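Opening the notebook on this one. I want to go through a sheet, a helix and the nonpolar cores.

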Amino acid sequence: MRHDSSSLEKLLENPRVWRGKSQTWTEQGIASGFEKLDRQLPGSGWPPNSLTEILTEQYGIGELQLLMPALSKLSADDPLVPYAEPGWIAWVAPPFQPYPPALQQWRINLSRLLIVRPKDDSEILWSAEQALSSGTCSAVLLWPETLSDQDSRRLQLAAEKGSSWCIAFRPLSARNQPSAAALRIAMRADGHGTHLDIFKSRGGQPVSISNLFSG
Amino acid sequence: MQAREGGAASGSKARHKRRAADVQQLLPLAAPEAEVESTPAVQPASKRLWFCVYLPELPLDATGRRHSPLAVVEDQQGVHRILLANEMAAAAGVLPGQSANAALALLPEIELEERSTVVEQQTLEALATWLEQFSSFVSIASRDVLLLEIAGSLRLFGGLRHLRRRVASGLEQQGFAASLSIAPTPLAATWLARGNRRACIRKFANLLPKLRSLPLHCLDWPPAAHTALTGMGVTTIGDCLRLPREAFAKRFGAGRLIELDRALGRLPDPRASWRSPERFCADYEMTEEQSDRELLLAICQELLEAHEQFLLTRQLGTQRIDFCFYHLKAPATKLSMGFTRPDRSARRFAELLGIRFERLSLPEPVIALRLQGGPTQLLKAESSRLSFDRRSRPSECYSMTELAERLAARFGDDAVNGVTTVAEHRPQKAWRQRALSGGKTIGQPAFMRPDLKRPLWLLPEPAHLPVEAGLPLHFGRVTLLEGPERLETGWWDEDGIARDYYMAVNPRGMRLWIFRNRSRSADWYLDGIFG
């Protein structure tokens, strides 16, 4: 049925038709610095201008290490664009003190770091939204106590508006909650290493990556 | 006229008389000299008395920081050189003229501040405004000299000594290093203050002897004139006065001679008076009590727009705005807003006001409103930078300062900050918080050896870990991965440490930074998490 298939093509060309698994996903991602991960992400990197969720049971299993190469790149001066100032990286309500000497070892530009400590959960969201939509932050990290479906949508919209990358850290129990995030990753560690479970990836496929940091 | 030339010239009266006509030609203003000369005995004290405040360390004082080693640097042909260093920095050997790198090598924790003549001018203007309480005539004479005419203020302030003491203690409280002098002419007072003479001269008769011994550098003449005079063996004002007038005028310019004459009171020396800038204040009275917050906010916006107009026509900006909401029975509700940088934009102020207004509780409906603008300062218009940016930013976005201000307006200044590293081996002291709004500090972050493992998360304080079979517990027995790294330092103060640091992993896969004290009770502590 040649005729039918060509009309289907025509239909798919209509911009109002959205396909779950879009082959024409071209937005270049932010290189994560981990080849294993980049290969699995649409755009070969972290999805820009959107919300990424990282779900962990506890802190300290490599959830920050996972972001460091990308954040380092975002905060660095671009040698090709010498007069452009790199964006800021905002940390909203971090659970502990981000330690500058270690950040420096990861080549994060410390002069571009903004740490905000709001008093309660709704203010965490408000600050993150402000930072995202300001257009001056290239990345916003936040540690909310809770994050509803609606909140995630708000963050997603703010990230789009300010063309910023939002990363929310959440407990593993949030896995079954709906979320507007473009990318959702569950992270766990055991004696062998750190394992990622990408269970939602807009424009990509759910996939698991084991032993991310070891080769 | 000739006698005023001083004793040295008294033997050549005839010659002077002959040349007086030439000098008159050169200096058409040199006439009123005789008047001063004629009444020295009748008029013991001068009608006018000038109080000079000379601020030799203004670039340093203008930074407003006193309690840490600090130096002001200036770009001299591409090299940052120390212009001035405060006492704490000088004690470590940081001297003016050194390069910024040399200063950093001598004292790694030194803060280097780039000289800002704009800030200096603002500081000087603020000081002039403050000095207006002592005299109706305050004048900004140069970039580091303020002059007050105090003859009329002496009675009010209980005499010269009291007035001087009040000014001196006020300056000290505000953190200014100042040299004060009083003389019958503005220039004499300035020169004496520059020479750090702490002089207090009320009579013209006493002026010349005091001025004679002043070295030439007090005059702040151009370097060329200064070198030429020193080369001739002329090192004091007395030496200058001994030179033939017309030759002096010819060689160094009539202006120099006029200056000398003005200092000695032979020529009038009019000065411009400083006027502190105006401040905006506007009221809005309502016909009936209002509690509609939307409406109140709209009125505030209207007042802010008027405020912007006021500042715009004067090219001024402010860092502070006070709102006052008046009620019929309850006392007025006040709302003050401070800004990190001077501005006048009603749009920006209104946005910040909106955030603050949300949480403002008004006890009663409002009957009147007042907007009082803060102290104003000249607002330099800045051209926006060309957009070389890697991505075009949406138009309604705002700058970093605005973001920091918005956040600080809601949570307080201490909830929003940056961080930087400090060259220090003790982990808890190897970093500090950095205010985002402060001036730009060009001190480089401390170097960190890449082979030393440092955690991304630091605990606010080391947490004590229980021990089982010689190994610490954290969600079960931990496994040591790397270490020990011995840190034994700080013995010179109270927070000395002697620790062996290890990288460890707990059964849940958390990578920990733990240490064992090397004291008698060899306890284990958790200091950080690798994240």
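Which residue in S4(B) does Val73(B) stand opposite? I looked it up: the partner is Glu114(B). Note to self: this is a predicted model.

**Sheet, chain B.** I then traced the strands around that pair. Strand S2 of chain B, residues 70–76, runs parallel to S4(B), and four bridges join the two. The open sheet has three strands in the order S3-S2-S4 (chain B), with mixed pairing. S3 (79–85) and S4 (111–114) of chain B are the edge strands; each has a single partner strand, so one side of each is left without a neighbour in the sheet. I also checked the twist: neighbouring strands are turned by 40° against each other on average, direction ignored.

**Helix H12, chain B.** Next I asked which residues of H12 (residues 245–252) of chain B are buried. My list reads Arg245(B), Phe248(B), Ala249(B) and Phe252(B). They span an arc of only 100° around the axis, which puts them on the same side of H12(B). Just past H12(B), I found Gly253(B) with a positive phi of about 95°.

**Cores.** The largest nonpolar core holds 83 residues, and I pulled out the ones that touch the most other members: Ala90(A), Val92(A), Ala128(A), Val140(A) and Cys166(A). I followed up on Val140(A): leaving out residues up to four places away in sequence, it touches Ala90(A), Val92(A), Ala128(A), Ala131(A), Leu132(A), Ser164(A) and Cys166(A). Another core, of 50 residues, lies apart from the largest one and includes Val53(B), Leu55(B), Leu163(B) and Leu257(B).

Terms used: Residues are numbered from 1 along each chain as its sequence is written. Chains are lettered from A and ligands numbered from 1 in the order in which they are written. This is a predicted model: local features need pLDDT of at least 70, side-chain atom pairs count only at pLDDT 80 or more; totals for chains, interfaces and linings use all residues. Two strands pair if DSSP finds at least two bridges between them. Axes are lines fitted to C-alpha atoms, for helices over the stretch in contact, and angles run from 0 to 180 degrees between N-to-C directions. A residue is buried if 20 or more other C-beta atoms lie within 10 Å of its own, exposed if 12 or fewer, and partly exposed in between; C-beta atoms are placed from the backbone. The arc is that of the directions from the helix axis to the C-beta atoms. A nonpolar core is a set of buried Ala, Val, Leu, Ile, Met, Phe, Trp, Tyr and Cys residues joined through C-beta atoms within 7 Å. Two residues are in contact if their C-beta atoms, placed from the backbone, lie within 7 Å.
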